[in-house]
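Me: Please walk me through how some strands in this model pair with one another, one question at a time.

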Amino acid sequence: MVGKVLYFITLIFTLALVLFLNGTINISANPLPPLGKFLDPFHGVWKSDTKNEHGNIVLENEGLSAKVEIIYDERRVAHIFASNLDDALFAQGYVEAQNRLFQMEFLTLAASGELSSVLGERTLEFDLEKRRRGMKYAAENAIIGWEKFQNIKSEYKYVDGVNAYIKSLSPQNYPLEFKLFNISPSEWTPLKSALVFKQMSLTLAGRNDDITSTNLVLQLGKEDFDILYPEKQTVENPVIPLEQPYAFDTLYGMKQNDSALFKKTILNAYFEPKEKGIGSNSWAVSGKKTSTGKPIFCNDPHLSLGLPSIWFELHIHTPDFNAYGVSFPGMPGIMIGFNDFIAWGETNVGQDVEDLFVIQWADKARTKYILDGKERNVTYRYEAIKVKGGKTIIDTVKYTVWGPIYRTSTDGNYDLAMRWMCHDIPDSDEYNVFVNAMNCKSYNEYLKATEGYISPAQNFGCATVSGDIGLRVNGRFPAKYDQDGRFVEYGNNSKNNWQAWLPKRQNPQILNPQREFIASSNQVSADKSYPYYFTGKFERYRNRSVNTKLAAMSGITAEDMKKMQQDAFSFKASDLIEIVKAKHLDSLFSENDKTYLKSLCNWNFQYNAVLEEPVLFELVFKKLVENTWDELTQYKSTMDIKYPENWRLIELLKTDPKNKYFDLKSTQVVENADDILVKSLKEGFDDFNKRKKAGEAITWGKFKPLHIYHMTRLPALSSMDIEANGCPDAINATGNSFGPSWRMVVSLEDHVKAYGVYPGGQSGNPASKFYKNMITAWVKGEYYPLNSVHKPEDLRNSSTQSITLNPK
């Protein structure tokens, strides 16, 4: 008890200090709760204890048809035993609300652009961006589509379960953050689940490079643009290897005319660049490559890490299935997991399904626009944003046939409308996909169960006890051809819109490949022979590491796969240092610099937290980028651009050393690749040496520590300065505040064996021992056995709490 009191005293004063220093405490606006209420010993923060995590509880609830047993094990994993699917989903909603209620509430507020109602004016611009992007509009359209399908009633049982828990709460039992911000939990609705789904869509499919590409092609010219920004590598490892030519009877869509492309530079920054590292790894090896003769399936999605964790670990058992894995709190079903017959998981495809169109206005008031030579009226959506303290902001968002006007200009000549796949009303029960997956017994059943999935596009991988391994690039894609969607286009011609969808049978996919493994690490989906155009954000290094390792391995065990998920090798570093070695540059460096050069050349290219070489390399590479692309830097102050990808820079160093972009514009001499490489090495070494002399941290873990932030960004509730292995280009892709958010290894033996870990804990309560108890194991590369038992009795020895839900 004393420890808990000290914890809360420390927490309160830390929160107060942090909020004050960050400017959050505002006497006039009063975004914080009245301190008397917050510190009330009977109802305030002191009552935010962990008593709801202990003891045996028996409850009656309307909406259940039979008894449900919930057993929490020693890591607070919820094991749900139900007589049918409806009751199981009700229980899932209940346990996720019990452990993650504020997280679920906060996520929907963020997705819908309503954070200012809790956090005040400092989040107003964030909320406005969400409204203008049409996030709530997208969620409302999702509900319209989903409710056309009868089985949605079953999935809405999840909503009932969430509300059953909310109704059981009294103010004194509200989670800590509700008391901190002086708010109450609100009723959970299907719209809130849709907002959670659309927030995931925004994270994984809410980006485009239309403006940067348009600006660059106009500034550099088409020839230079194509040299610096090719979309295909010389040697690629596509998600789907080509084992036979693509021979589609019919090709859909139409090729676009160059007249569709907007040919003016768009000044000022527009999109905030996404942090590198959002992505995933997934692979499966056939029984021919394993020690057991059975497939092994692995998945580790790389997302922004947070507290509470993005995932909730759970086990659901009914007479029809026995599924274990992780869910996304707010949505029913298991997204990544396994049952007694199959294992499944996803990685992000990265395909661009968001295009921008310049609107041609028909009047100065911008109430009408031109489409196909005719005037069309805009429609209006009035967005009311409540700001904590009493003020309400009304933002009028105009909608066109393309979508919302997302960016406006002073004269209207650069107003951009957004065509985003995720705004569309779905014509399938995609809400049901991750529920359906839990009940599959074969790869064919899994294909059928996930057929209705639309967006965000994912690589759906699967392995089965019967021996199959398969992967489908799953989602809906517009049928596009060369360069369509890469640049900003004119919005006055409907022919510039997407003309057709790819039929699902033409999505790249493979079953039991000849190489005996499937693998996806966010690289391009198909090779150059695929007839449709893919553009987007594709990974260039991790996939090489994964494919190279799997191709060379045999007799593979689950332990081998765990070690592989921890691998911190960087092909980016390896490729560049191999060039340095080949040039024999020693004579150009001082004795001190030769020591650094030797360290890099002898390095194993592992980004281990205790090593100095990764820091040395990154400082050199930073200088290499700056020195090479000085011609592009001049544009950054006035327009949105991007540098060429790192793989292209290294390729040019090797294949085109006299490329004009290696010449520094600030000097009279004409430099080549060797000159720039030597200059960058020396400058990087000098930077490293200065940092070392100044006593700065120069091991990788201290130089680039990992931060796992609480969703409110309060340091007192976060886990900061973690010294972890990995980098964005390694299989163990970590960096700043992202990384493998769930590591899973499943051996598909007759009795399935599985292992997993994520960097957090099951509870959303900062006072709970289950709040971040798995971070240390995650950093060390340790895994927990995933116990998908068949009877509650099998968990009696590890049970920490049991809940019985009876029908009322």
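Reply: This is a predicted model, in which local features need pLDDT of at least 70 and side-chain atom pairs count only at pLDDT 80 or more, while totals for chains, interfaces and linings use all residues. Residues are numbered from 1 along each chain as its sequence is written, and side-chain values use heavy atoms, with hydrogens and water left out.

Me: In E28, which residue is the bridge partner of Tyr-755?

Reply: Strands are DSSP runs of E with at least two residues, numbered from the N terminus, and helices are runs of H or I with at least four; two strands pair if DSSP finds at least two bridges between them. Strand E27 (residues 753–757) pairs in the antiparallel sense with strand E26 (residues 743–747) over 5 bridges, and E27 also pairs in the antiparallel sense with strand E28 (residues 784–785) over 2 bridges. Within the E27 and E28 pairing, the partner of Tyr-755 is Pro-785.

Me: Which residue in the turn between E14 and E15 has a positive phi?

Reply: Strands E14 (residues 379–386) and E15 (residues 392–399) run antiparallel and are joined by 8 bridges, with Tyr-380 standing opposite Lys-398 in E15. The two strands form a hairpin with 5 residues between them, and the turn residue with a positive phi, about 115 degrees, is Gly-389.

Me: Which are the edge strands of the open sheet with the order E16-E17-E11-E20?

Reply: This open sheet of 4 strands has mixed pairing, and E16 pairs with strand E17 (residues 416–420) in the antiparallel sense over 2 bridges. Each edge strand pairs on one side only, and the two are E16 (405–407) and E20 (489–490).
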